[in-house]
Every structure is written in C-alpha cells, then in structure tokens.
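Me: I want to know how the labels attached to a structure are earned. Take me through them one at a time, please.

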Amino acid sequence: MSSAGAWVLTFGDFGGVRAAVGVREQVHLMLEPEAAEVAGTPAHCRHVIFWNGRCVPVMDLSRWLDAVTTATAPPNRRRHLGVYAYQTEANAAVEFGALWLARPPQRIEVDDEAAASLPMDSARWADVASACFTDAAGAVPVLDLSRVFSGALAGA
Amino acid sequence: MDGPSHSGHLVLLHFGRTRVALAQRAVRSLEAAVDADYSVAAPGALGAIVVAGASWPVYALDEELKRLHNVPRERRICALLAAEHGLFGVLCDEAQVLARQNLSAYPLPVAMRRKGSALEGVLNIGTGVAVLSSARGLAFAVGVAEVTKAGADELQSEPLSEPQSEPQ
C-alpha cells in the first residue's frame, strides 16, 4: 500500500464543495487577495491576479460545477486564493492558475485504499477530476489542473 | 500579443466600469457623441456620424462588451475606429491616451477566452486592469456588417487626427 500527500481544498459560500490537489501543486496561498475583475469573461473565471510577473486566471470552481443554477446568481463570497502549478504535458512549461477557496487548504495523506468513485452532486466532476478518494467527510475528487485551467471549461 | 516593453501609446476607452485599451493607430478620431445623428442608422447601428464628408455607423457597448440597443446617457464620446473595411463609431464615457511604457500587457489566459470574444489580453494599469482589444475585435463585438468602401477610400487621403485626452 502506498500513500501520497495532498491538499484538500474547500469551495463555495458554505464550504460545501471539496476537492484535492497534489501536495506539490500548491505553490502559494493568499489569505487576503487582491484580484482584478476582467469584463467579458466567463462567470466562473472573471478575475486575474498579477503574481510573480505573471497574469494568473482565478477560477471559481464551485460556480462552474453548479453552472445551471448559478448562471445569473451574484458571485460567491470569496475568502482566500490558492495558486497552483501544472503542466499540460510532461515536458511542457509550468503554468499557473488560482482557485477561490472558502478556507485555507488542509494537508492530508491519502492511501491507495481510499480510492472511490466521483461524487454524484455534479455531473461536471468528470471533466475536471482525474481520481477520487474518500475521507471521513465523504468523497474528495482529485483535480486535474491542466483541465481546470484549459479553455475547455469556458465553452462547457 | 503586444509585449510589456512595446513602445507607443494606447487609447483607453471607458464603458462604465470597463476599460478597453486599443493601439492608438486603431482610433481615427474622438468626436462628441451629440454630433451623431440617431434618427438615421444602418441595420444594427444606433445612429450615424459624419466625419470628413462620409457617414459612419455608430454603436454602443455595455460593460460586458455586448452591443446595446439604446444610447446610455453616460456615453459622451464617439470613438471613430478604423477597421479593415472602413470606419465605425463606438460610444464611450471617457477616452484617455496612455503611454505604453511601463504598462504590463499579458495575453488573456486560456481559461478566460470565449469563442468570438473581442478580448485579446489584459493590461495592468496600476489602478486596475484594462482589457486589450483591437478595432477588429470591437467591430466583431458590435456586429459591424458592412461599411461603405467608398467612405473608406475617401478618408484614406485625410490626415489622421490625434486622439484627444478627455479631462478627468
């Protein structure tokens, strides 16, 4: 049996949506972020931050997961921002994206035995998750960040 | 995409809270919105404005850069933009000329791109962000169908007007 480190992320107004990323994928946490809104962009990705000389998109994942019911709703309350590194393929340059978080991420260790099916609360998990595990609070999808920050979600 | 070190000037058009940056060469002139005639309009346009003897369609955009079907009171300026096939006017609240030096421009992140969007990039202007676009992008946003080729030819012999900065 093997285990790996992960960060459990919490999204949404009431922190009801959880997902995980690999422990090395989280590169920065902003507790009081200043993000700039960009007009004419998708409702789930309307902000950018300027970080380390880069323009980093900020994704509201809970809004995208629940797009049908939140299409006309005001933006979720956002508290913190996590900045994440990812690659679109093995030898590609490292890219960065940010996620709105309801609270600071929680560091955990995950065993292979914890593997599970994706939760049924959104059919969209399959588009952004590469795996899933369970903990005491339920299923936790593991995000494929290259999919999360790809252009595919803008048209989905 | 224009890099951060690109020289020259930009014209910043204000549409409510939204600021759109265009290369200065994209803006042929800045006219008063009251000079447009809103009783005559090409299909899809709100009115027309006569500049240098030719009439050009006038459009308005909201803060999300979607075409408006009426003229907001705040739109006091008509920016006359040079697209591929001629000119067209876009109503805006304010227009500023900015030196490009020391402004950082970035491509629009892939996750934020929409098919057919007028947005080409993000400009960090210190006090916030402006979206980078082009006359072509805004022509697509307003739905410029056709502009009289005759008018475009007529204007090609005219000297370019320098965009004027509006008082803040």
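What follows is an exchange on how the labels for this predicted model are reached.

Me: What makes Ala52(B) partly exposed?
Reply: Ala52(B) has 16 C-beta neighbours inside 10 Å. A residue is buried at 20 or more and exposed at 12 or fewer, so Ala52(B), with its 16, counts as partly exposed.

Me: And why is Asn102(B) given its own class?
Reply: Asn102(B) has 10 C-beta neighbours inside 10 Å. The limit for exposed is 12 or fewer, so Asn102(B) counts as exposed.

Me: What is notable about phi in Ala52(B) and in Asn102(B)?
Reply: Phi is near 55 degrees in Ala52(B), a positive value in a residue other than glycine. Asn102(B) also has a positive phi, near 75 degrees. Most residues other than glycine have a negative phi. As for place, Ala52(B) is in the loop between strand E4 (47–51) and strand E5 (54–60) of chain B, and Asn102(B) is in the loop between E8 and E9 of chain B.

Me: Which strands stand at the edges of the sheet in chain A, and how do you know?
Reply: The sheet is open and mixed, with six strands in the order E3-E7-E8-E6-E5-E4 (chain A). Strand E3 (26–30) and strand E4 (36–37) of chain A each have a single partner strand, so one side of each is left without a neighbour in the sheet.

Me: How do you know that E3(A) pairs with E7(A)?
Reply: Pairing requires at least two bridges. Four bridges join E3(A) to strand E7 (residues 80–86) of chain A, and the two run antiparallel. Among the matched residues, Gln26(A) has Tyr84(A) as its bridge partner in E7(A).

Me: What is the strand order of the sheet in chain B, and which strands are at its edges?
Reply: The order is E8-E1-E2-E11-E10-E9 (chain B), again an open sheet of six strands with mixed pairing. Strand E8 (94–99) and strand E9 (104–107) of chain B pair on one side only, and these are the edge strands. From one strand to the next, the twist averages 30 degrees. At the E9(B) edge, four bridges join this strand to strand E10 (residues 121–124) of chain B in the antiparallel sense. Pro107(B) is matched there with Gly121(B) in E10(B).

Me: What makes the pairing in that sheet mixed?
Reply: Take strand E2 of chain B and its partners. Strand E1 (residues 9–15) of chain B runs antiparallel to E2(B), with six bridges. E2(B) and E11(B), in contrast, pair in the parallel sense over two bridges. Two is enough, because at least two bridges are required. Leu10(B) has Ala23(B) as its bridge partner in E2(B), while Val20(B) stands opposite Val131(B) in E11(B).

Me: How are E1(B) and E2(B) connected?
Reply: E1(B) and E2(B) form a hairpin with two residues between them. Gly16(B), in the turn, has a positive phi of about 60 degrees.

Me: Why is strand E2 of chain B described as largely enclosed?
Reply: Five of the six residues of strand E2 (residues 18–23) of chain B are buried, so the strand is largely enclosed by the rest of the structure.

Me: Which residues have the most contacts inside the largest nonpolar core?
Reply: They are Ala79(B), Leu81(B), Phe88(B), Val90(B) and Val122(B), in a core of 94 residues. Strand E6 (residues 77–83) of chain B gives the most to this core, with seven residues. Leaving aside neighbours within four places in sequence, the contacts of Leu81(B) include Phe88(B), Val90(B), Ala135(B) and Leu138(B).

Me: How many residues of the two chains are in contact?
Reply: On chain B there are 20, in contact with 19 residues of chain A. E10 and strand E11 (129–132) of chain B each supply at least two residues of the chain B side. That side divides into eleven nonpolar, four polar and five charged residues.

Me: What makes Pro104(A) partly exposed?
Reply: Pro104(A) has 14 other C-beta atoms within 10 Å. That count lies between the limits of 12 and 20, so Pro104(A) is partly exposed. Pro104(A) lies in strand E9 (residues 103–111) of chain A and touches Leu29(A) and His80(A), not counting residues up to four places away in sequence.

Technical notes: Residues are numbered from 1 along each chain as its sequence is written. Chains are lettered from A and ligands numbered from 1 in the order in which they are written. This is a predicted model: local features need pLDDT of at least 70, side-chain atom pairs count only at pLDDT 80 or more; totals for chains, interfaces and linings use all residues. Axes are lines fitted to C-alpha atoms, for helices over the stretch in contact, and angles run from 0 to 180 degrees between N-to-C directions. Two residues are in contact if their C-beta atoms, placed from the backbone, lie within 7 Å. Ala, Val, Leu, Ile, Met, Phe, Trp, Tyr, Cys and Pro count as nonpolar, Asp, Glu, Lys and Arg as charged, and the others, Gly among them, as polar. A nonpolar core is a set of buried Ala, Val, Leu, Ile, Met, Phe, Trp, Tyr and Cys residues joined through C-beta atoms within 7 Å.
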